[in-house]
Amino acid sequence: EGKKPPEDPGADTVDFPKRTTPAKGYELLFQPEVVRIYISLLKESKTPAILEASAGAIQNLCAGSWTYGRYIRSALRQEKGLSAIADLLTHDSERVVKAASGALRNLAVDLRNKELIGKHAIPNLVKNLPGGQQTPAKNLSEDTVVSILNTINEVIADNLEAAKKLRETQGIEKLVLINKSGNRSEREVRAAALVLQTVWGYKELRKPLEKEGWKKSDFQVNLSNASRTQGGNSFDDSTL
């Protein structure tokens with residue numbers, strides 16, 4: 001009684017369910033001590049394949065609404081694992097960047113995680129998007145760009161402060177460029193459009209955006225053509 005639920009925005013600790021028998025078989029994959037092993041690998045390893053696999057395992061464990069997924073999302077925060085994953089967004093290996101992006105997307109389902117990821121990971125997520133003034137420009141694959149866009153959308157949804165951070169870090173410019181440049185894939189256009197629609201949904205941001213020269217039409221994108229090519233890929237970023 002009186003305990004906050006695991007995903008309460010103010011809950012920074014988590015107690016895994018007490019076991020009456022030792023974990024065995026596949027249950028060993030999602031015990032609290034395993035979370036610490038993954039975080040240790042993320043912080044200590046220099047091998048891209050290990051970093052990718054560790055972030056991918058976390059991504060999978062945090063997918064969906066299953067009981068241990070909720071606990072693991074909280075445990076990753078408690079064990080200071082969010083910053084380790086966010087740091088991977090600057091890695092030279094695209095596969096590591098994509099795995100880190102997918103892990104952050106699933107971790108952001110937790111409201112407190114969403115808040116922290118919005119504060120600390122949005123700048124690095126934006127840096128991975130094509131366009132803008134960065135030098136040298138990153139040349140990431142369609143799958144990776146879509147993964148990053150979907151992660152940004154998850155983080156800024158119901159998170160005004162993260163949307164403000166997106167605006168402050170050249171994010172709007174890059175999103176509009178993806179939609180209007182004419183040289184991005186339909187999947188990328190669709191994912192960027194969803195982020196823009198989420199941003200425009202915040203009434204508090206409309207006047208500041210208009211003062212910067214953006215128009216309502218910049219945030220309204222026709223998704224009809226893009227949606228047809230999305231096909232069965234709607235959930236391809238929820239797990240590896």
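A residue is called buried when its relative accessible area is under 20%, exposed when the value is over 50%, and partly exposed in between. The exercises below use these words for a predicted model.

**Exercise 1. Describe the protein chain as a whole: which elements does the chain hold, and what share of its residues is buried?**

Solution. Begin with the elements: the protein chain has 13 helices and zero strands, so that part of the description needs one kind of element, as the pattern α-α-α-α-α-α-α-α-α-α-α-α-α shows. Next, apply the definition of burial to the 240 residues of the protein chain, of which 47% are buried. Then turn to the contacts between residues at least 6 apart in sequence, where 72% join residues at least 24 apart. Finally, the accessible surface of the protein chain comes to about 12300 Å², and 51% of this surface belongs to carbon and sulfur atoms.

**Exercise 2. Decide where the predicted coordinates call for caution: over which residues does pLDDT stay under 50?**

Solution. Start from the average, which is a pLDDT of 85 for the protein chain, with 82% of the residues scoring at least 70. Then look for the low stretches: pLDDT stays under 50 over residues 1–11, and it also stays under 50 over residues 225–240. The model does have contacts beyond four places in sequence for these stretches, 18 for residues 1–11 and 25 for residues 225–240. Where pLDDT is low, however, the predicted coordinates should not be read in detail.

**Exercise 3. Work out how helix 9 is placed: which of its residues are buried, and what covers them?**

Solution. Helix 9 spans residues 160–168, and its buried residues are Ala162, Ala163 and Leu166. Seen down the axis of helix 9, these buried residues fall within an arc of 100°, so they line one face of the helix. This agrees with a general rule: an α-helix has 3.6 residues a turn, so residues three or four places apart point the same way. The face of helix 9 turned away from the buried side carries the exposed residues Glu161 and Glu168. As for the cover over the buried residues, it includes helix 6, helix 7, helix 8, helix 10, helix 11 and helix 12. After helix 9 comes Gln170, whose phi is positive, near 70°.

**Exercise 4. Compare three salt bridges: where do the partners lie, and are they buried or exposed?**

Solution. Side chains of opposite charge can pair when their charged atoms come close. A search of the whole structure finds twelve salt bridges, and three of them are taken here in turn.

1. Asp110 pairs with Arg77, with the closest N and O atoms 2.9 Å apart. This pair links distant parts of the chain, since Asp110 is in the loop between helix 5 and helix 6 while Arg77 is in helix 3, 33 residues apart. Asp110 counts as buried at 0% relative accessibility, and Arg77 counts as buried at 7%.
2. Lys119 pairs with Glu115 at 3.8 Å between the closest N and O atoms. Both residues lie in helix 6, four residues apart, about one turn of the helix. Lys119 is partly exposed at 45%, and Glu115 is partly exposed at 31%.
3. Lys180 and Asp218 meet at 2.6 Å, N to O. Lys180 is in helix 10 and Asp218 in the loop between helix 12 and helix 13, 38 residues apart. Lys180 is exposed, at 51%, whereas Asp218 is buried, at 7%.

Technical notes
Residues are numbered from 1 along each chain as its sequence is written. This is a predicted model: local features need pLDDT of at least 70, side-chain atom pairs count only at pLDDT 80 or more; totals for chains, interfaces and linings use all residues. Side-chain values use heavy atoms; hydrogens and water are left out. Buried means under 20% relative accessible area, exposed over 50%, partly exposed in between (1.4 Å probe, protein chains only). Helices (H or I, at least four residues) and strands (E, at least two) are DSSP runs, numbered from the N terminus. The arc is that of the directions from the helix axis to the C-beta atoms. Contact means heavy atoms within 4.5 Å. pLDDT is the predictor's confidence in each residue, from 0 to 100. Accessible areas come from the Shrake-Rupley method with a 1.4 Å probe; for residues, only the protein chains shown count as cover. A salt bridge is a side-chain nitrogen of Lys or Arg within 4 Å of a carboxyl oxygen of Asp or Glu.
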